[in-house]
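Here is a short tour of a protein fold. Keep the sequence and the 3D view side by side as you read.

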Amino acid sequence: MEKKRIGFDLLIFEDEAELSQNDQKLLGAAEEARKNAYAPYSRFKVGAAALLENGETVIGNNQENASYPSGLCAERVAVFQAGARFPDVAIVSIAISAASEEHVVDMPAAPCGNCRQSIMEYEHKQQSPISLLMKAEKGPIFKCSSMADILPLAFDNSFLGDS
Ligand code: THU
């Protein structure tokens, strides 16, 4: 029996000032996008900003629905928009900002499982990593250098025999 431990480096910043100028800017765009989230049911607002290789920033925010599963998370709104508008441009980095209207969120919200899978698709498609920057309204900032870090053993098109 072989045993393998899978791990990754999570960077934890206590203050936004420790981030690069580019990361600060991208996080700012995610925070701005969060303000337009449509989250009347959960009152949990999320903003996402994706920086593309061509310098464009594409934003998203969660869009909820009275039929709950019909809504979509901020991250997927952002990456699907990036895919729709710039199909041949790689995504370099995604910043995510989360806040609740009900309570103080002081730990970064990492993307949900469905968003991880969706973002992983683009990482696989473009053959380059997408770094993730996560922050709540308070507390530390998390950064990881690839979606593959937080979605190990991912399912991708190689299983379908068409990679
Ligand atoms: N949500 C996001 O938009 N991104 C996440 O990373 C986690 C959850 C949204 C979905 C739903 O509108 C609300 O937050 C509560 O789950």
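## Cysteines without bonds

Cys115 is buried, with a relative accessible area of 0%. This comes from a predicted model. What is the closest cysteine sulfur to that of Cys115? The closest one belongs to Cys112, 3.8 Å away, which is too far for a bond. A disulfide needs two cysteine sulfur atoms within 2.5 Å.

Now turn to Cys144. This residue is in no disulfide either. Its nearest cysteine sulfur is that of Cys115, at 14 Å. Cys144 counts as buried, because its relative accessibility is 1% and the cut-off for buried is under 20%. Across the whole structure, a search finds zero disulfides.

## The sheet

Six strands form an open sheet. Read across the sheet, their order is β1-β6-β5-β4-β2-β3. The pairing is mixed. Which strands stand at the edges? They are β1 (residues 11–13) and β3 (57–61). Each has a single partner strand, so one side of each is left without a neighbour in the sheet. From one strand to the next, the twist averages 15°.

Two pairings show the mix. β1 and β6 run antiparallel and are joined by three bridges. Within that pair, Leu11 has Lys143 of β6 as its bridge partner. β4 and β5 pair in the parallel sense, over six bridges. There, Ile96 is matched with Met134 of β5.

## An enclosed strand

How many residues of β5 are buried? Six of the six are, so β5 is largely enclosed by the rest of the structure. In a regular strand, side chains alternate between the two faces of the sheet. Look at β5 with this in mind. Ser131, Leu133 and Lys135 are on one side. Leu132, Met134 and Ala136 are on the other. All of these are buried, and both faces of β5 are covered.

## Helices on the sheet

Helix α1 lies across β2, β3, β4, β5 and β6. It runs at about 45° to β4. Helix α2 also packs on the sheet, where it touches β2, β3 and β4. The direction of α2 makes about 140° with that of β3.

Gln24 is a residue to pick out in α1, the helix of residues 21–34. Gln24 counts as partly exposed, because its relative accessibility is 26%. Leaving out residues up to four places away in sequence, Gln24 touches Glu16, Ala17 and Leu19. A polar atom of the Gln24 side chain lies 3.3 Å from the backbone oxygen of Glu16. Gln24 and Leu133 are 109 residues apart in sequence, yet their C-alpha atoms are 9.7 Å apart in space.

## Nonpolar cores

The largest nonpolar core has 26 residues. Leu52, Ile91, Ile94, Leu132 and Met147 have the most contacts inside it. Which elements each supply at least two residues of this core? The strands are β2 (44–52), β4 (91–100), β5 (131–136) and β6 (141–144). The helices are α2 (74–85), α3 (113–126) and α4 (147–150). Another core, of nine residues, lies apart from this one. Leu19, Ala30, Ala95 and Leu133 are among its members.

Return to Met147. Set aside its neighbours within four places in sequence. Met147 is then in contact with Pro111, Arg116, Ile119, Met120, Glu123, Ile130 and Leu132.

Definitions and conventions: Residues numbered from 1 in each chain as written. Predicted model: local features only at pLDDT ≥ 70, side-chain atom pairs only at ≥ 80, totals over all residues. Heavy atoms only, no water. Core = buried A, V, L, I, M, F, W, Y, C linked by side-chain atoms within 4.5 Å. Buried < 20%, exposed > 50% of the residue type's maximum accessible area, 1.4 Å probe, protein only. Helix = DSSP H or I, 4+ residues; strand = E, 2+ residues; numbered from the N terminus. Contact = heavy atoms within 4.5 Å. Polar contact = N/O pair within 3.5 Å; in protein donor to acceptor, adjacent residues only side chain to side chain. Pairing = 2+ DSSP bridges. Axes fitted to C-alpha atoms, helices over the stretch in contact; angles between N-to-C directions.
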